[in-house]
Amino acid sequence: MIEIPETYVLSRQIGEALVGKTIKRAVANAHPHSFAWYSADPAAYDAMLKGRKITSSNPGTGYTCGGNTEILCEDMILVISTPIKYHEAGKKLPKSHQLLLEFEDESHMSCTVQMWGSMLCAPCTDKEALGHFSNTHLPDPLTDAFDEAYFDALWNGTKQTLSAKAFLATEQRVPGLGNGVLQDILFNANIHPKRKLATMSDEDKGNLFRSVKDTLLEMAECGGRDTEKDLFDNSGDYKTILSKNTLLYPCRVCGSGLVRQAFLGGNIYFCPICQPL
């Protein structure tokens, strides 16, 4: 799954490298994947996109929501929640892909689903074709609309028996904020992933709000996380605090061992000293 920082990186890179390119051919669902979703018959993507230019891109802040990269192709839009790769003319293409765009200059853009992902294509005005993505256009944490008042309303509208992970990373309360970025957000706020909202003070809530904003901003400004790849297949420069890359190292703050546990359908990472339960 692509998360908020990577959508910002991808949309910026697409704007720099792909805007102005004309689509010569579009191939969707060449290698069927059980968890790849399209907004229409994949066979129709070529007719919908052929001859259109890439005109702009944004990180899910224009037509849909966070966790998506929106690519405008004149009057059509691609809404993509999978990794996106650019291939210069003559470069080797991936053996398996769920969406491939060939441009008139013989360069390509590809999407290959890892766990799951959507590659929607529709007229920009067709909200029905974009499905629930267009109906959950909630404030992005990196925009001014996601302020402390909004966060408080989100908090107050949630069952206080939920854990910190359940609050931030389930039910798409904050679209694009998933289990990957969650780990460092909670570490920076000194909050355990399993800790219940009801046990947190106003200070804890304020720390969590600021950590959501500041951690995601740092990730985006550093070109994404070091656990993820950008448009050119390079790892991001943000060094994750808690991830598979750091599990065997001591906590950078207190020096104690880090812990990985299964929780709510995925792994959580935490420092038991800095993030007491």
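Here is a walk through this structure, from a sheet to the helices beside it and then to the empty spaces. Keep in mind that what you're looking at is a predicted model.

Let's start with the sheet. Five strands make it up, and if you read across them the order goes β2-β9-β5-β4-β3. The sheet is open, and its pairing is mixed. At the edges sit β2 (36–37) and β3 (56–58), each of which has a pairing partner on one side only. For β3, the neighbour is β4, residues 69–73; the two run antiparallel and are joined by 3 bridges. If you'd like a spot to look for, find S57, which stands opposite I71 in β4.

Now add a helix to the picture. α1, covering residues 4–17, packs on the sheet and touches both β3 and β4. Compare its direction with that of β4 and you get an angle of about 25°.

α1 has a helix to pack against as well: α8, residues 202–221. The axes of the two helices are 8 Å apart, at an angle of about 35°, and the crossing is right-handed. Who meets whom here? From α1 come I4, P5, Y8 and V9, and from α8 come L216, M219 and A220. What kinds of residues make up this contact? It has 7 nonpolar residues, with no polar and no charged ones.

Next, the gaps. Rolling a probe the size of a water molecule over the atoms is a way to show where empty space is left. The largest pocket holds about 850 Å³ of space. It is lined by 30 residues, and those closest to its centre are E3, M115, G178, N179 and G180. Several elements supply at least two lining residues each: α6 (164–169), α7 (179–188) and β11 (266–270). Of the elements, α7 gives the largest share, with 4 residues. By class, the pocket lining splits into 13 polar, 11 nonpolar and 6 charged residues.

Finally, there's a cavity to find. The structure has 1 cavity of 30 Å³ or more, and the space in the largest cavity comes to about 30 Å³. Around the largest cavity you'll find E6, V9, G223, G224, R225, E228, K229, D230 and G236. V9 may ring a bell, as it is one of the α1 residues that meet α8. How does the lining of the largest cavity divide by class? It has 5 charged residues, 3 polar and 1 nonpolar.

Terms used. Residues numbered from 1 in each chain as written. Predicted model: local features only at pLDDT ≥ 70, side-chain atom pairs only at ≥ 80, totals over all residues. Heavy atoms only, no water. Pairing = 2+ DSSP bridges. Contact = heavy atoms within 4.5 Å. Axes fitted to C-alpha atoms, helices over the stretch in contact; angles between N-to-C directions. 1 Å grid on protein atoms, 1.4 Å probe; cavity = no way out; pocket = protein on both sides within 12 Å on 5 of 7 lines; lining within 4 Å. Points joined across faces, edges and corners; volume = space filled by probe spheres on them. Nonpolar A, V, L, I, M, F, W, Y, C, P; charged D, E, K, R; others polar. Left-handed = near helix turned anticlockwise from the far one by under 90°.
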